[in-house]
Amino acid sequence: MRLLRRLLRRLLRRVRPLVVDRDWLLGSRAWLVVLVALAVLPRASFAVDPAVLAAEAKRIGVASRLATSVVAIFSRGGRGGGSGVLISPDGYALTNFHVTRGAGTFMKCGLSDGQLYDAVIVGIDPTGDVALIKLLGRDDFPHATLGDSDTLKVGDWTFAMGNPFLLATDFQPTVTYGIVSGLHRYQYPAGTILEYTDCIQIDTSINPGNSGGPLFSAGGQLMGINGRGSFEKRGRVNSGAGYAISINQIKLFMDHLRSGRVVDHATLGATVTTREDGAVVVDGILDESEAYRRGLREGDEIISFGGRSVRSVNQFKNILGIYPKGWKLPLVFRREQVRTETLLRLRALHRASELTGSPKPKPKPGGKPKPKPKPRPGGKPRPATRKRPPVAKPPEKYKHLYVKKRGFANYYFNQQEQKRVLSRMSRLGDFSGAAGAWVLAGKTAAGDAFRLTVADVGVGLSWKQKAYFQELDKASEPLDEPKGSGGLLYAMHMWRSFLAKREKGFGEFFYLGSEPLDGVGARVDVMISELGNVRCRWYFDRKQGRLLGFDSQRVEETDECEVRFSGDIDLDGRHWPRTIRVSSAGGVLASFGVETVTMKAGAAQ
Amino acid sequence: MTHRILTIVSLLLLSLTWCASIAEGQSIQPTIQRVQQRMVKVFGAGGIRRLHAYSTGFVVSRQGYVATVWSHVLDTEELTVVLADGRKIRAKVLGAEPQLDLAVLELQDKELDLPAWDLEADVSDAGPGTRVLGFSNMFRVATGDEMVSVLHGVVAAKAPLATRRGAFESSYEGTAFIVDAVTNNPGAGGGVLVTRAGRLLGMIGKELRNSETNTWVNYAVPISELKQPIQQIIAGKYRARQRDPDETNAVARFRPLEFGIVLVPDVLFRTPAFIDGVQPGSAAARAGLQPDDLILFINGDLVQSCRVFKQSLGRIDAGTVLKLTVRRGDKLLPVELPVPDTPEAPDTPETPKKPEKPATAGDTK
């Protein structure tokens, strides 16, 4: 009643000119009149369309269901924080890199059940502003379902959830509701290496503290991670333009993040600009880039990239920006009337020091270099406190879940992934005792006989009436033998080391993440080995854990030797490939059909 | 009396329920697609300090006429319009009505046949509670063939902006749609406000900030106000509106030039009152004023902007002494200038380098 009275008083203030005696109206007689009138008014006029009520009920239902997966993230010092979202029952959660940056390796996370959980950093993507953390203490966390952000359309309704202004002390997330304002938006880096590419623009309110929180579709699927807004001059609050990193981009990085690494984005090694006629053309290219080696030159017109047509510089950057470094993408370009299709491995966008060190702006090799960045909507919703809190001690119970190592956000998780992938390798058989020379002989697909000998002292190949040899003493350099193979003989040595010694055969050995095999195939797990300058990428089938092949690079900036295995020869419990296909520089060298495998004690000839 | 209040209450409740019920379950995607095809991105002057060099426009004729907001962005020979399909076309200002913050651009391509708004058939009016969509190139998020941004909101009021003049320093004084969405952002001026069915309601205006509370108002100028001027400008028949005589007199009593003061171009909503030039032999020159002096006080009152200075000057009395305080470097200097008995034109009326706004535009062609 008091509320009604207050409402009426407010209403009366508005219509004051009409009212002669306000007090009279507030008196008892007037009340009676109003109440009677309310009762007399036709009921139909107050009835709400059932469709509206149904939509409302659905919205409330979805929001309350989703709220359980939303995380309020605090640094262990208790100052500052942001938001996040759980994506698996074992506690993996996504947030922004800029939320975790100041929070240390262990964080405190609040869920809508009112409980506070410990969490540990897993992997970070400083360029894409994404971090993966793991909440601890449960294996049945409520979690969100990843959607397909490419299905979003401008105008679609979305929920943003999180902890803006760190309002929620009971960790009940704040829900805002709005529409998709734009898709495939490109946001220039704003004073840091953060770059939002191919992102989702929303008018759903995004404020400081929302950082890292989920953007859900109206149906409740996770579509993105809210991380940025156009905050120009109205204070650091919502101005109608928020930006979310698309979940489809994050999916491409997910296994990379799970590897516990500091992951990097990519560049083509070429910059592009828009010509007068609207074509996107190369206006600069690094001589040492793979793109250059495959024939891309200044002035060439980019037709498509990553399977998407390119009609503007922003589009080019949008495509490039969603992929991790090292992925292979198809590129189609045109010079005069000649159309060339090629597959290129993307280069690292940053040096390792740039990712782990202080965030400084860097001239972008990814797109057209600009002397001065255009004034763009800048700024991201920062955690409410900018000051770096004092690093609190890790919780005793969980401190084994963090292992420090250069280049890694948390090496512990890389160790776990290495174990997972390598444990399935034992199915290939035990090669550890196979110390002598391995001799593989047979015919290539072209019908030429070959004989490959891999031993401790060297690798030899006789093929097409020629003999090739790679010495393996300490002083010998990896050779490109046979010429143009990218160093097949040395690659075979790497293969033998890997089978016989596993990670112990190399200086560095780690789990990278996953990528499509040869740019177009199924997703495979990727391990990296490093020995001297030689770097190999090992590819494993994700279902059975079979070794599908590897790429070996003798020296940086040279074409790799690409070795692919297929078929199976079972020999005393050891499994050998039936076919070894070798390619390099975009062409196939030979497909070696293995007919006999012999293992000899002693040295090779 | 009671009955009237009751009527208001019940009508309000009725309209709210009605609006909500028709809006739910209705897809806005066809509207968005249709509207976006009729929007353009305008690129022109600016890019220095915090002045954005971009705004929005909407196509009002198939032959390539674009209505947009009158602003500093248009103050250039190098005006470019980017169509929804990404085509870049040169444009020139065909005419403008500064009082409505309206300008009409003519695209420099004779072969155009563009999707356009029909200002007779596509327009509508709306009251409070109407759900609306705002379309604009705010923050220059979209380039090339990327579509302009869409915001959703509700008309909060249809009310005269003039009541907020002073606080908001708006040149438009008529009725405006006030919306609850953050429609009026940098570069959003010249965008459109439409109903969910895609009927054109108004043109999103410039950013307006309340200097007292540091709040911003989100509004659109009703298309009913703009329709006639747009059509007349295109037809080449438009005469700019006359200000009401009282105000004209008040403002025109004295002007800076009559003291020999040339101010910097008034391009910001609050351009600091810097002196751009001093005419030789003028009262200002005799008093020792110099270019780059910043006028801080006029007769003891704070001068916040060029506009405030001009308004204050318009109100001073003939035959008195004009007391100014200017800042030169880090010094504050008091300056006194005699105010002539009757306003008269200066001997050699030297036009400022850049006209701030053409007094009457629109009658070209």
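In chain A of this predicted model, Leu461(A) stands opposite Tyr468(A), a residue of strand E24(A). The two strands involved are E23, which covers residues 458–463 of chain A, and E24, which covers residues 466–471, and they run antiparallel with 6 bridges joining them. Together E23(A) and E24(A) form a hairpin that leaves 2 residues between the strands, and in this turn Lys464(A) has a positive phi of about 55 degrees.

A second antiparallel pair in chain A is made by strand E2, residues 81–86, and strand E3, residues 92–95, which are paired over 2 bridges. Here Leu86(A) is the residue that stands opposite Ala93(A) of E3(A). Both strands also belong to a closed barrel of 6 strands in chain A, whose order is E1-E2-E3-E6-E5-E4 and whose pairing is antiparallel. Within this sheet, neighbouring strands are turned against each other by 40 degrees on average, when direction is ignored.

The two strand pairs of chain A can be set side by side as follows.

| Strand | Partner | Bridges | Opposite residues |
|---|---|---|---|
| E2(A), residues 81–86 | E3(A), residues 92–95 | 2 bridges | Leu86(A) and Ala93(A) |
| E23(A), residues 458–463 | E24(A), residues 466–471 | 6 bridges | Leu461(A) and Tyr468(A) |

Chain A also holds helix H6, which runs over residues 247–258. Because a helix is expected to extend 1.5 Å a residue, the 12 residues of H6(A) should span 16 Å, and the 15 Å between its end C-alpha atoms agrees with that value. Helix H6(A) is mostly covered, since 9 of its 12 residues are buried; among them are Ile247(A), Ile250(A), Phe253(A), Met254(A) and Leu257(A), together with Asp255(A), His256(A) and Arg258(A). Just after the helix, Gly260(A) takes a positive phi of about 75 degrees.

Turning to chain B, this chain has 6 helices and 20 strands, and buried residues account for 40% of its 365 residues. If one considers the contacts in chain B between residues at least 6 apart in sequence, 63% of these contacts join residues that are at least 24 apart. The domain assignment of chain B gives domain 1, covering 2–235, and domain 2, covering 245–338. Where these domains of chain B touch, the contact takes 4 residues from domain 1 and 4 residues from domain 2. The side of domain 1 of chain B that touches domain 2 has, by class, 1 nonpolar, 1 polar and 2 charged residues.

Notes: Residues numbered from 1 in each chain as written. Chains lettered and ligands numbered in written order. Predicted model: local features only at pLDDT ≥ 70, side-chain atom pairs only at ≥ 80, totals over all residues. Helix = DSSP H or I, 4+ residues; strand = E, 2+ residues; numbered from the N terminus. Buried ≥ 20, exposed ≤ 12 C-beta atoms within 10 Å, placed from the backbone. Contact = placed C-beta atoms within 7 Å. Domains from an automatic or database assignment. Nonpolar A, V, L, I, M, F, W, Y, C, P; charged D, E, K, R; others polar. Pairing = 2+ DSSP bridges. Axes fitted to C-alpha atoms, helices over the stretch in contact; angles between N-to-C directions. Expected span 1.5 Å × (residues − 1).
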